[in-house]
Amino acid sequence: MAGYHPLRFSLSLSLSTQIICSLPALILCVKMVGFSTQPYGIQSMLKDGHRHMSGLDEAVLKNIDACKQLSTITRTSLGPNGMNKMVINHLDKLFVTNDAATIVNELEVQHPAAKLLVLAGKAQQEEIGDGANLTVSFAGELLQNAEELIRMGLHPSEIIIGYTKAINKTIEILEELVEEGSQTMNVRDKDDVISRMRSAVASKQFGQEDILCPLIAEACIQVCPKNPVNFNVDNVRVAKLVGGGLHDSVVVRGLVLKNDAVGTIKKVENAKVAVFVGGVDTTATETKGTVLIHNAEQLENYAKTEEAKVEELIKAVADSGAKVIVSGAAVGEMALHFCERYKLMVLKISSKFELRRFCRTTGAVALLKLSQPSADDLGYVDSVSVEEIGGARVTIVKNEQGGNSVSTLVLRGSTDSILDDLERAVDDGVNTYRAMCRDSRIVPGAAATEIELAKRLKEFSFKETGLDQYGIAKFAESFEMIPKTLAENAGLNAIEIISSLYAEHASGNTKVGIDLEEGVCKDASTVRIWDLHITKFFALKYAADAACTVLRVDQIIMAKPAGGPKPQQQGGMDED
């Protein structure tokens with residue numbers, strides 16, 4: 001303490017004490033200022049309530065995880081032994097199906113990355129009408145393998161380059177695996193059509209394909225135009241009637257309407273048809289009018305003039321040669337009375353789409369309001385009859401001569417959900433017919449093509465020198481998912497099956513696939529399991545595109561959701 005001034009010491013002590021005392025106040029002050037400071041970085045750019053995720057862990061791997069979850073759902077439904085899913089949508093409608101397109105449509109997927117896979121599945125469904133499950137499941141498998149590579153330290157860009165090279169090579173190999181002589185086919189030959197359609201229908205209704213395929217083929221061949229490329233899927237209709245069994249199903253050349261005729265006339269043959277969209281009834285005037293009636297005689301005359309007007313209109317239709325009137329709306333009682341008097345059969349079709357199909361079947365022109373039709377506006381039917389099928393009264397409109405005719409497959413089953421699933425199998429079969437009209441080439445089914453692709457891509461990856469060889473090798477490995485899933489869904493030992501498939505393909509038997517009934521590997525051509533080349537081509541292409549798109553994303557920026565009141569914050573939660 002020698003030489004230290006007492007005053008200076010006390011001053012320094014008091015200063016330090018003062019600073020210490022004011023520290024809590026200073027912290028409080030800084031805190032209060034902190035709330036009013038402007039946000040910086042991305043917070044300053046976007047509105048409050050936004051969410052921002054970036055980097056491998058937050059964005060890429062989370063995206064991959066969401067896609068994996070979706071493909072896990074669809075994967076167990078792949079193939080003939082695929083399990084059904086019970087989906088209840090937002091309207092409380094129940095779906096019991098193994099059709100991936102229906103499942104992903106009704107799930108209402110929210111995650112943006114998983115939505116990309118859903119869109120790929122939808123694109124496949126619209127393009128081909130079959131193979132949506134392969135697209136979603138294969139894309140999920142590609143992303144799962146990409147995750148392993150990312151965790152090993154590879155950059156997503158290198159994986160994308162590898163995957164792009166792999167899909168281009170896959171398309172080349174797929175061309176080589178096409179069965180010789182399948183380039184040309186007679187689309188009106190029932191056996192040829194059934195052989196190409198069987199695997200698509202069996203994947204939805206295993207065990208029923210031998211009953212369903214001949215029916216679908218017959219319906220498609222009936223309505224196939226002169227140029228098969230112009231085949232219209234909408235010309236094959238499905239009428240679902242509860243009762244009976246699948247073996248009671250029949251194909252009707254014409255349209256089956258699930259309602260009764262309005263009047264007492266239930267059958268007409270070789271008749272001309274008039275179609276009125278606006279209904280068969282007295283039309284109200286466009287302007288409002290007041291009728292002043294002084295006595296009973298005037299009232300009687302007024303009622304008679306209305307009757308006379310309706311009779312005049314119905315008589316005009318009858319005079320034109322029409323024996324059948326089809327109404328798109330209500331049929332008035334007075335109009336129906338005069339239709340009965342002039343021996344006209346009356347049908348009511350309230351669905352405008354069904355009305356259009358009726359016009360296409362009969363060649364009629366739909367008229368807006370009740371008036372005398374010209375000869376060109378009338379359609380023609382061979383027969384219109386009301387029949388009873390399984391307790392339900394249906395109207396069958398047959399038109400054998402019609403050029404652009406419609407054929408209807410009447411499906412019978414015990415419950416509505418079974419009938420819905422049968423309808424999806426029929427849709428797949430009809431879409432496959434449309435695809436084979438465009439391109440009839442076939443490749444071996446039963447996972448034979450996938451194993452061959454995996455084997456050849458593995459060999460191709462060894463020739464590559466860059467880091468993308470790992471991407472190509474993983475792409476090849478992803479093909480193993482298909483035989484593995486087919487075997488697992490059938491309750492077989494997947495590892496055993498895959499190793500024996502590789503052994504067969506290594507010895508040059510490129511058509512060997514899995515026979516799920518016996519649980520052994522067999523030549524797909526002897527078991528007659530073929531897949532359309534065009535279905536495989538688009539499914540693999542869309543899956544690879546979707547996987548690469550998900551891998552290209554490195555940031556997710558979600559704006560504040562629009563509208564609606566803010567959800568109430570629960571008490572006891574902090575700001576974050």
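**Exercise 1. The span of a helix**

What should the 24 residues of helix α10 (residues 296-319) span at 1.5 Å a residue, and how far apart are its end C-alpha atoms?

*Solution.* Before starting, note that this is a predicted model, in which local features need pLDDT of at least 70 and side-chain atom pairs count only at pLDDT 80 or more, while totals for chains, interfaces and linings use all residues. Residues are numbered from 1 along each chain as its sequence is written, and side-chain values use heavy atoms, with hydrogens and water left out.

Step 1: helices (H or I, at least four residues) and strands (E, at least two) are DSSP runs numbered from the N terminus. Step 2: the expected span of a helix is 1.5 Å times one less than its number of residues, so α10 should span 34 Å. Step 3: the end C-alpha atoms of α10 are 34 Å apart, which agrees with that expectation.

**Exercise 2. The surroundings of α10**

Find which residues of α10 are buried, and what covers them.

*Solution.* Step 1: a residue is called buried under 20% relative accessible area, exposed over 50%, and partly exposed in between (1.4 Å probe, protein chains only). Step 2: in α10, the residues V310, I314, A316, V317 and A318 are buried. Step 3: their cover includes β6 (267-276), β7 (322-327) and α11 (333-341). Step 4: just after α10, G321 takes a positive phi of about 105 degrees.

Step 5: Y302, which is also placed in helix α10, counts as partly exposed because its relative accessibility is 43%. Together with V291, I293 and L299, Y302 makes a nonpolar surface patch of about 370 Å². Patches are made of residues with over 30% relative accessible area and no salt bridge, where like charges are joined within 9 Å and nonpolar side chains (Val, Leu, Ile, Met, Phe, Trp, Tyr) within 5 Å.

**Exercise 3. Salt bridges between distant parts**

How many salt bridges does a search of the whole structure find? Describe two that link distant parts of the chain.

*Solution.* Step 1: a salt bridge is a side-chain nitrogen of Lys or Arg within 4 Å of a carboxyl oxygen of Asp or Glu, and the search finds 33 of them.

Step 2: one of them joins the side chains of D468 and K165, with N to O at 2.8 Å. This pair links distant parts of the chain, since D468 lies in helix α15 (residues 468-478) and K165 in helix α7 (residues 156-176), 303 residues apart. D468 is buried at a relative accessible area of 10%, whereas K165 is partly exposed at 33%.

Step 3: another salt bridge joins K204 and D428, whose closest N and O atoms are 3.1 Å apart. K204 lies in the loop between α8 (190-202) and α9 (209-222) and D428 in helix α13 (residues 416-438), so this pair ties together parts that are 224 residues apart in sequence. K204 is buried at 13% relative accessibility, and D428 is buried with a relative accessible area of 2%.

**Exercise 4. A salt bridge within one helix**

Where do K455 and E452 lie, and how many residues apart are they?

*Solution.* Step 1: K455 and E452 both lie in helix α14 (residues 448-463), three residues apart, which is about one turn of the helix. Salt bridges that share partners join E176, E452, K455, R456 and E459 into one network. Step 2: the side chains of K455 and E452 meet in a salt bridge, N to O at 3.7 Å. Step 3: K455 counts as buried at 18% relative accessibility, and E452 counts as buried at 2%.

**Exercise 5. Cysteines without a disulfide**

Why is there no bond between the sulfur of C220 and the closest cysteine sulfur?

*Solution.* Step 1: a disulfide is a pair of cysteine sulfur atoms within 2.5 Å. Step 2: the closest cysteine sulfur to that of C220 is in C437, and because the two are 8.0 Å apart, they are too far for a bond. Step 3: the structure holds zero disulfides. Step 4: C220 is buried, with a relative accessible area of 0%, and C548 is buried at 8%.

**Exercise 6. The chain as a whole**

How many helices and strands does the protein chain have?

*Solution.* Step 1: the protein chain has 19 helices and 17 strands. Step 2: of its 576 residues, 47% are buried. Step 3: with contact meaning heavy atoms within 4.5 Å, 75% of the contacts between residues at least 6 apart in sequence join residues at least 24 apart.

Terms used: Accessible areas come from the Shrake-Rupley method with a 1.4 Å probe; for residues, only the protein chains shown count as cover.
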